[in-house]
Amino acid sequence: MKRVLSIISGFLCMLMLYSCTGNAQDTEQNTSEITVPESSEAPESVLLLASEGKSDYKIVFPVSGGDYISAAESLKSRLSNSFGINIPTSADYVLPGKNPQEKEILIGPCDREESRTVNSELKNGEYAVKVVGSKLVICGNGTEALNNALMLFCRNLSLTDNKITVSSKDDIVFKRTFPVESFTIGGRPLSDYKIVVPKGSGTARLFAKLIAARIATRTGIELEITDENHVPDSCEIRFGNFAELPELEKNTFKVFVTGNVMTAYSSDIGGLFDAYFHLFDVIFGAKEKTISIPDGYVFSDKSTQESYEKAADGNIRVLYHNVLGYGTDTPIYSRADIAYDIYCELDPDIICFEEAGSLFRSGASSFYSNLKKNNLAEICFSSEGGLGNPIYYRNDRFELLDSGYGKSRNGDKGTTYAVFKRKSDGKIFAVTNSHFAANSNAQNNPELGNKYRTQDAETAVSILEKIKAKYPGITVIMGGDYNSAKNSDPINVIDKSGAVHVRTQLSLWSNVPSPHHSYPVINKNISDYDMYSGSLSGGSSSIDHIYFYGTDLKPVSYTVVTSIVALTTSDHTIHFADFSAG
Amino acid sequence: MKKAFVFFLCAAMLLSVLSACADKGGDSAETTSSPVVSTAGNTDETTAEPPLTIAVENLSSNGKPLAFNMLVRTNRYAYLFCEEPSGDLIDYAVYKRNSMIEDLYGIKISISESGDAAGFSTYMNAASTDYDICVPDYWWNLDLQGFFTDILSLPEIDTSDAWWYDGWNKNVTINGKMYTVAGDASLEMLENLEVMFFNKNMAKDKNIDIYKYASDGQWTVDKCLEVINTASSGLDDSDTNNDVYGALYDVHSLDAQLYSCGLRLSEVGESEIGIDIANSQKTVDIAEAVTKLIGAVGTDYSSKTARARDWSLFKNGNALIYATALYLGKSLKSGNLDFDYGIVPMPKLAEEDQYISTSYGVSVFAIPVSVASTHNSALILNALNFNSANTDDSVVTTFFDVILKYQVANSPEDIENLDLVRKNVYIDFAFIYDVGLDSAIKNAVIDKTSASVALKAAVKTAGSKIKNNIIAAYEK
């Protein structure tokens with residue numbers, strides 16, 4: 001029990017530390033920003049943008065569209081409204097056999113040499129307005145920077161002798177100072193590096209985004225993130241548990257530099273948080289202006305995160321997870337892919353989802369193909385209303401004997417059930433997966449919600465009775481998101497059925513936290529999720545439950561996965577129970 | 001109202017339009033009397049031709065723009081109207097085209113929406129002057145209801161101009177009248193071109209080189225069937241979780257497959273529509289070949305339309321080929337797929353044949369008889385189509401050359417295949433007016449029954465349907 005308490009308190013300390021040190025929402029301010037007129041010895045170059053109300057120029061934006069279209073339109077409007085000059089806009093695409101128009105105002109990172117040259121000099125948040133040959137280049141590193149460049153350019157525009165001209169003497173290059181002025185890894189400048197993650201690892205991909213955002217804030221350098229294979233001699237920050245890396249001691253992580261490759265990985269998925277945090281706080285958070293991480297650098301330590309083992313031989317692991325699929329918490333694929341990484345590590349025999357509705361399914365396509373690749377077959381009664389709470393089982397380990405679905409009323413998410421036979425020993429058992437009504441499914445009326453949930457519990461019990469009658473003697477594992485805490489009316493219905501809560505059986509009500517917690521939070525810098533930094537409540541307030549009925553299988557452990565990575569996947573973390581067949 | 005005619009010179013548009021004009025019909029896949037749609041913009045620019053002109057007239061009154069309203073299909077007008085520019089390139093191209101027309105002609109474009117034939121009919125029956133242009137689905141056959149003006153009678157529109165889809169329009173020219181018309185503003189013609197998307201990773205794993213088959217001219221129905229059989233697995237047990245299909249088809253791609261095999265159900269002449277060709281030995285051969293393809297264990301055929309069918313099997317890596325329309329390309333590109341995809345034409349019947357494509361349909365333009373000014377409607381309809389494909393950033397160029405070829409296409413092979421698909425488009429009268437021939441052969445394929453028997457019966461009734469329902473309507 002003491003060990004469990006120390007894990008929770010250790011976890012809370014880590015959360016506090018993470019929150020205090022930035023939570024990767026990097027609020028750090030770069031204190032000084034300066035505007036530098038370009039010093040050039042080249043002769044003055046003057047562009048005649050418009051004369052007598054006409055212009056030979058075209059406003060060109062990157063073919064990716066998006067905010068660049070808005071930027072091009074705003075410049076077009078400004079020229080039209082203020083000076084009555086109509087300049088056409090166009091994407092930077094050049095049809096085969098044609099050449100770009102000579103006179104162009106290039107907005108953003110256009111596919112033109114002139115844009116590339118100017119852009120390459122800009123760090124995060126910096127911008128420039130420059131005359132390059134016959135073209136005017138307006139660009140910024142980031143949407144806000146580009147808007148600033150446009151605003152400044154438009155403010156300086158004026159009509160003289162019925163002409164609008166722009167001179168290279170008025171070039172603007174806006175530079176920022178960053179906390180770190182020089183950064184090398186293995187003797188190579190940080191700007192030469194890219195971040196490489198293992199193919200298909202959602203966890204590593206999200207961490208890579210957070211690391212890239214941290215690097216941009218601290219140094220102004222934007223690094224590419226890729227999952228391509230290692231290219232010899234290329235400078236890489238390899239983040240994640242690549243298959244070829246040597247195995248680490250359990251519950252540890254390691255960061256090391258060999259030549260121009262920095263590698264950060266861990267013994268398990270949860271420990272990747274520590275590898276990430278080391279990069280975030282120690283490597284890229286160092287206070288010095290000049291940082292050099294030498295070839296041969298090595299750091300390794302114990303992970304702050306609990307590690308989770310596969311089920312012992314012969315045991316059956318049943319996992320439940322409310323995946324937060326009914327709302328608009330996007331990008332869904334990001335959370336789903338992290339969850340898949342964790343499932344792979346936990347290797348459950350049965351997985352029960354709640355809230356795996358159509359929004360979740362359409363947002364998490366690779367998640368579903370991965371489940372299938374991992375021999376996880378789905379049992380789902382979508383046409384009857386059970387789309388959100390399917391059961392998946394390892395079809396290489398188990399044979400499906402029976403399945404069905406029940407609900408108590410229209411709109412009820414219901415209970416899915418399945419009866420399995422283990423291929424190795426013929427052991428038969430059943431699993432149910434329920435999602436009881438929330439108050440929001442009952443006109444936000446708690447009384448009506450309680451009534452609905454009680455009905456849902458009665459349905460779950462009726463399914464238990466049905467299975468008991470058809471398959472006497474087998475163990476039925478019942479669980480899901482019951483939206484009801486201990487001692488509530490719905491839970492009392494389950495308790496009276498003879499089913500026993502695994503927490504009761506294992507005396508874990510107070511020591512294992514509730515899987516339900518606050519929502520994962522988006523990091524605006526990366527348009528993706530940040531690592532969870534909220535707190536967890538005690539087990540007695542849990543609304544996610546696992547029960548069992550019968551004596552054929554016995555629960556040997558119940559686990560709520562509290563690694564920060566797992567908490568980022570949903571507002572309900574993963575929880576599972578292992579059953580012995582002895 | 002002051003009516004000042006001016007000529008709008010647009011040098012940037014000049015060369016491509018003229019060459020397309022000169023090339024009209026030259027890209028035909030076939031030399032039958034059935035016309036081929038010319039959707040392929042020809043960008044040769046070797047000669048300097050005189051500037052192309054279309055008439056521009058300021059329709060505003062006392063500086064106030066004339067309201068110009070289009071009756072369009074609900075949720076299917078993205079290429080016709082965009083109120084404000086968004087970050088989407090097509091939306092932006094539409095916005096710019098319409099803004100330019102508004103400025104040039106002194107009008108303000110708006111839309112009204114209706115979802116189906118009944119809704120459009122109600123509005124047309126009311127004989128309201130609210131709708132200056134009507135854009136219904138071709139399939140609703142509203143041209144037979146007496147709602148619309150004969151396009152060929154309008155001096156403002158010359159349907160032989162390069163911006164009108166000759167191949168489609170000749171099929172709807174009956175008794176010397178044309179009540180609906182398709183042109184470059186009918187972007188659906190391109191969006192709905194049928195192709196085959198395929199999962200490159202799966203193809204590689206199975207050692208199947210579909211690009212090579214296509215480029216070597218070997219991409220036939222038989223080869224496709226061979227590929228389907230090689231790629232499919234897990235379909236012989238009750239567990240649907242391990243199912244892998246060779247190909248997915250729907251009701252539209254089945255149609256496209258038949259025409260890609262060279263199906264010809266009708267011949268449109270100056271004064272008659274012949275359908276005897278429908279029941280030929282070639283038709284029977286095509287039906288038998290496609291029956292094997294669609295009926296294969298490894299083929300998942302859905303009786304739903306292209307837009308309605310569930311394509312999660314392909315999305316989730318459980319199907320090698322997805323036969324569907326080009327518009328899906330944008331969804332594939334943005335779909336965060338965990339595999340690469342390629343694009344090839346629909347397979348043909350024999351190696352010596354050409355690849356032929358078809359478009360599964362289009363919303364056509366029509367001018368209601370009840371409009372306030374037929375002249376104004378015709379003028380703007382002409383301008384909409386003229387300005388849809390003539391510049392490097394026009395709606396058509398943006399969709400085909402930028403979105404499809406530059407963004408959706410994953411390889412040079414895809415780009416070549418897209419050009420090939422666009423070049424050889426065939427539309428059959430019997431497809432536009434389903435007088436029973438098109439559905440007869442499709443049903444025979446789906447039901448695995450004799451196409452010969454079905455078509456023999458269908459030809460008998462189709463003749464009277466053409467005469468009594470279609471020609472008669474055009475004679476009124």
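The following dialogue reads a sheet, the nonpolar cores and the chain contact in a predicted model.

Mentor: Residues are numbered from 1 along each chain as its sequence is written, and chains are lettered from A in the order in which they are written. In this predicted model, local features need pLDDT of at least 70 and side-chain atom pairs count only at pLDDT 80 or more, while totals for chains, interfaces and linings use all residues; side-chain values use heavy atoms, without hydrogens and water.

Trainee: Which strands of the open sheet in chain A stand at the edges?

Mentor: Strands are DSSP runs (E, at least two residues), numbered from the N terminus, and two of them pair if DSSP finds at least two bridges between them. Here the order of the six strands is S21-S22-S20-S19-S32-S31 (chain A), with mixed pairing. Strands S21 (376-379) and S31 (554-560) of chain A are at the edges; each has a single partner strand, so one side of each lacks a neighbour in the sheet. S21(A) pairs with S22 (residues 391-394) of chain A in the antiparallel sense over four bridges, and Glu378(A) is opposite Tyr392(A) in S22(A).

Trainee: How much area do chain A and chain B bury between them?

Mentor: The size of an interface is often given as the accessible area lost when the parts come together. With a 1.4 Å probe and summed over both parts, chain A and chain B bury about 2,200 Å², 50% of it on carbon and sulfur atoms. In chain A, Val63(A), Tyr93(A) and Lys372(A) lose the most area to chain B.

Trainee: Which side chains meet in a salt bridge?

Mentor: A salt bridge places a side-chain nitrogen of Lys or Arg within 4 Å of a carboxyl oxygen of Asp or Glu. Between chain A and chain B the count is one: Asp392(B) meets Lys98(A) at 3.0 Å, N to O.

Key: Buried area is the accessible area (1.4 Å probe) that two parts lose on being put together, summed over both.
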